[in-house]
Amino acid sequence: MSSFLKNIKTIESIEVTGKVTFVRLDLNVPIKNGIISDDTRIRESLPTIRYLLDKKAKIILASHLGRPKSAHDKAFSLEPVGQKLAEMLGIEVILAEDHSIDFMKPTLTGLTKNQIILLENLRFQEGETNNDEALAREWASYCDIYINDAFGASHRAHASIDALPKLMRVKACGFLIKKELEMLGQLLDHPKKPFLAILGGAKVSDKIKMIENLIDKVDAVIIGGAMAYTFIKAQGGNVGKSLVEVDQIHYAKELIKRFEARNKSILLPVDHVFAVSINDTEEKGISDNQNIPHDMLGVDIGPKSISAFVTAINEANTIFWNGPMGVFETEAFSKGTCAIAKALANKTGALRIIGGGDSASAANKAGVANQIDHISTGGGASLEFIQGDKLPGIEALRERHRS
Ligand code: AMP
């Protein structure tokens, strides 16, 4: 068992039959004009819901959706999510705008085996985001069991994630959180060596805590994306107009030294696709680290870098990837990122884990998402987990209840 699951009950280890079960999910899906454009998060939540249906629990689903300014902002209603769930599960979903015990008690009494309740967007309740205990007490007053399966929201100390489980005697994690803790946990808990971390994206400063937590665990790290330019600049390269965090140059220099002192490799791109601006749609050329023209900026890694990074991937037994290698949203600058995704897919036998929304969409774009061992559903939450931070929603499942 993963040490990250210590003192946490899992859904299968508690008695749920006939019990009113509050299930916190992350159903925060993109919706435009009432249409869901990506239902991944709903699909990822189905095993837990199906299990509870099978066990004849009385199910109350709960989730936030977006960042509504008020309860009247119907663009943030969970209604389309309720419809999708009804379709996927072949049951009736009752959308409850009123979360009070006065409404919920009779609704629960009349609930048939083909019905589940979906609480309307938790953020329509004023107390959700400020972790209000009174709101949590209202929910707790009509529930027997609390299940958290919202990994993507577990880094937020909100009422449904933190205050509520602290009040509940019987609480557990669902199948999704169990899988996330088991898979991401393997990266921090005795990873199979060699362990390679591939970090990319926009900013060094966003990834410092992650690098610090991984430095003693990894054998090598690849740094790509805009982050790489701060490192190349630190080594005296000519990066032209590429994105550089001037205040992180010193850190980058120190980090290179620390890796060298540990006999670990830090791999940087050796060539770059460059363009005039980040909004360009075509490349203007390819150059090495010393020769990015002064009026151009690096937007993707070049072919020599791809080849060196693929070699490193092929030598690893554990691989964690977070952040794209270039401005992958633009087709012409997505080659490096897609090549990394494909190399991961081809490296069977190694444990391959992707954390972070951009790398996950790159794996989808490259058509290899189903060949990766684990793609974390939580962007911010997986980042904080890998950083070594404690996630409030996970810790609350460990704590004894408050009366
Ligand atoms: P992050 O959220 O930190 O993982 O950063 C992801 C963003 O980094 C994406 O929107 C990419 O377009 C951007 N990015 C990656 N490489 C570069 C680059 N060379 N120059 C500018 N932006 C980049």
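Reader: How many bridges join β10 to β11?
Author: Strand β10, residues 220-223, is joined to β11 by 3 bridges, and the two run parallel. Strands here are DSSP runs of E with at least two residues, helices are runs of H or I with at least four, and both are numbered from the N terminus. Two strands pair if DSSP finds at least two bridges between them. This is a predicted model, where local features need pLDDT of at least 70, side-chain atom pairs count only at pLDDT 80 or more, and totals for chains, interfaces and linings use all residues. Residues are numbered from 1 along each chain as its sequence is written, and side-chain values use heavy atoms, with hydrogens and water left out.

Reader: What stands opposite Val221?
Author: Ile266, in β11.

Reader: What's the strand order in the sheet?
Author: β11-β10-β9-β15-β16-β17, which makes an open sheet of 6 strands with parallel pairing. At the edges are β11 (265-267) and β17 (374-375), each paired on one side only.

Reader: Now the ligand. Which residues come nearest?
Author: Ala202, Gly298, Gly326, Glu329 and Asp358, out of 15 residues around the ligand. Being near takes a heavy atom within 4 Å.

Reader: What does Glu329 contact on the ligand?
Author: An oxygen atom of the ligand, which lies 2.5 Å from a polar side-chain atom of Glu329. A polar contact is a pair of N or O atoms within 3.5 Å.

Reader: And which backbone atoms are by a ligand nitrogen?
Author: A polar backbone atom of Gly298 is 3.0 Å from a nitrogen atom of the ligand. For Ala226, a polar backbone atom is 3.2 Å from a ligand nitrogen. On its own the ligand has 510 Å² of accessible area (Shrake-Rupley, 1.4 Å probe), and the protein covers 81% of that.

Reader: Backbone oddities next. Where's the cis peptide bond?
Author: Between Lys193 and Pro194, with omega about -10°. Pro194 is in the loop between α6 (175-188) and β9 (195-199).

Reader: What about phi of Asn7?
Author: Near 60°, so positive in a residue other than glycine, whereas most such residues have a negative phi. Asn7 lies in the segment before β1 (20-24).

Note on methods
A polar contact is a pair of N or O atoms within 3.5 Å; within protein, one must be able to donate a hydrogen and the other to accept it, and residues adjacent in sequence count only if both atoms are side-chain atoms.
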